[in-house]
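Here is a short tour for anyone who likes to have a structure open while reading. Please bring the model up on your screen and follow along.

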Amino acid sequence: MRFLLLYLLYAVALSVGLAIAGLRTRRSAAPAASAAPGAARKSRQRVLVFGATGATGREVVRQGLERGHRVTAFVRNPAKLTQSHPDLTVITGNVHDRSAVLAAMKEQDAVISVLGHHAYYALGQPQTRATQNILRAVESERVGRFVCQTSLGIGDSAGRLGLLYTLFVIPTVLALYFWDKTGQERAIARSRVDWVIVRPAALINAPARGRWKAGDVGSFLVMARVSRADVASFLLDQLESDRYLRSTPGVCW
Ligand SMILES: NC(=O)c1ccc[n+]([C@@H]2O[C@H](COP(=O)([O-])OP(=O)(O)OC[C@H]3O[C@@H](n4cnc5c(N)ncnc54)[C@H](OP(=O)(O)O)[C@@H]3O)[C@@H](O)[C@H]2O)c1
């Protein structure tokens with residue numbers, strides 16, 4: 001009983017810590033469709049994608065090319081990228097290699113990061129360090145936009161992945177991983193770049209619905225979900241619209 005109480009105290013304290021450490025840029029929830037209103041930037045862009053071989057990244061690359069962008073995929077292992085397209089360039093590198101990141105950034109209009117890893121107990125904040133590398137290159141090359149995927153559950157979305165995540169999954173498995181994401185968000189907010197941080201609900205590999213809720217979304221009780229295909233669409237919308245500029249919209253079905 002005492003152990004359970006201590007555990008609950010730890011889980012709640014962690015949630016409060018993630019709320020304080022992450023960003024707070026509250027926006028009201030609004031239904032959105034893939035053609036976001038208020039388009040502010042050119043529709044055909046040179047887009048550099050970090051995490052392009054990942055489950056979300058492959059969707060970002062595929063849909064980015066479909067929208068007519070010229071996409072550069074920054075990957076550790078090109079064999080994992082099965083797509084080919086005349087407007088797709090593949091650059092091999094590690095995001096922790098500053099010079100490789102800087103070289104890839106030349107002549108890009110925008111950057112999307114959907115980086116992630118599964119070493120959930122890793123120390124040393126790899127996501128924050130990777131993001132700092134990207135930010136340095138974005139600033140130095142004066143790239144017009146940085147769209148970065150983190151997660152619901154931090155900053156002003158703390159608790160919004162639902163009770164299962166708040167009381168069990170995050171405290172036992174994702175505490176360091178999510179703490180690292182708060183560092184990522186703070187590094188982005190401190191930068192001089194035009195950024196949008198996108199915080200999805202639990203991701204699933206399901207077909208796109210073409211509809212989602214964006215902004216102040218998620219639930220304190222039940223786990224909200226969204227497909228990677230719809231998140232990819234929302235990420236790409238942020239290249240063309242200023243609606244969520246310098247804010248942290250959540251996205252879920
Ligand atoms: N799963 C969820 O329910 C959920 C919910 C909300 C947010 N998120 C977040 O969304 C993001 C994307 O998720 P996902 O499931 O699409 O991720 P994923 O499939 O694990 O893909 C991660 C990508 O990052 C790349 N990467 C990792 N370290 C790298 C490095 N040092 N240099 C270059 N590339 C590197 C990986 O490359 P390799 O292919 O070479 O490994 C891969 O392409 C993650 O940050 C995740 O935490 C996930």
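## Two loops with positive phi

Let's begin with Arg142, which sits in the loop between helix 4 (126–140) and strand 6 (145–149). This is a predicted model, so everything below describes a prediction. Although Arg142 is not a glycine, its phi is positive, at about 50°. Is Arg142 buried or exposed? It counts as exposed, because it has 9 C-beta neighbours inside 10 Å and the cut-off for exposed is 12 or fewer.

Glu107 is another residue to look up. You will find Glu107 in the loop between helix 3 (98–105) and strand 5 (110–113). Its phi is near 60°, again a positive value in a residue other than glycine. Glu107 is exposed too, with 10 other C-beta atoms within 10 Å.

## Strand 3 and its partners

Now turn to strand 3, which covers residues 70–75. Five of its six residues are buried, so the strand is largely enclosed by the rest of the structure. On one hand it pairs with strand 2 (residues 46–50): the two run parallel and are joined by five bridges. Within this pairing, Val49 stands opposite Ala73 of strand 3. To get from strand 2 to strand 3, the chain passes through helix 2 (residues 55–66), and this β-α-β crossover is right-handed.

Strand 3 also pairs with strand 4 (residues 88–92). Here, too, the strands run parallel, with five bridges between them. Val75 is placed opposite Thr92 of strand 4. While you are looking at the strands, keep one general point in mind: in a regular strand, side chains alternate between the two faces of the sheet.

## Around the ligand

How many residues surround the ligand? There are 22, and the closest are Gly51, Gly54, Thr56, Gly116 and Ser151. By type, the shell divides into eight nonpolar residues, 12 polar and two charged.

Helix 2, met above as part of the crossover, gives the most to this shell, with three residues. Helix 2 and strand 8 (202–204) each supply at least two residues of the shell.

## The nonpolar core

The largest nonpolar core has 63 residues. Which residues have the most contacts inside it? They are Val49, Ile112, Ile134, Leu235 and Val251. Helix 5 (residues 163–190) gives the most to this core, with eight residues. Val49 is already familiar as the residue opposite Ala73.

Ile134 is a good one to click on. Setting aside its neighbours within four places in sequence, Ile134 is in contact with Phe50, Val95, Val101, Val111 and Ser113.

## Two more residues to visit

Arg243 is found in the loop between helix 6 (228–240) and strand 11 (250–252). Arg243 counts as buried because it has 20 C-beta neighbours inside 10 Å, and 20 or more is the cut-off. From Arg243 to Val196, the C-alpha to C-alpha distance is 9.4 Å, while 47 residues separate them in sequence.

Leu163 belongs to helix 5. With 14 other C-beta atoms within 10 Å, Leu163 is partly exposed. Leu163 and Val61 are 102 residues apart along the chain, and their C-alpha atoms are separated by 33 Å.

Technical notes
Residues numbered from 1 in each chain as written. Predicted model: local features only at pLDDT ≥ 70, side-chain atom pairs only at ≥ 80, totals over all residues. Helix = DSSP H or I, 4+ residues; strand = E, 2+ residues; numbered from the N terminus. Pairing = 2+ DSSP bridges. Right-handed = clockwise from strand over helix to strand, strands pointing away. Near = placed C-beta within 6 Å. Nonpolar A, V, L, I, M, F, W, Y, C, P; charged D, E, K, R; others polar. Core = buried A, V, L, I, M, F, W, Y, C linked by C-beta atoms within 7 Å. Contact = placed C-beta atoms within 7 Å.
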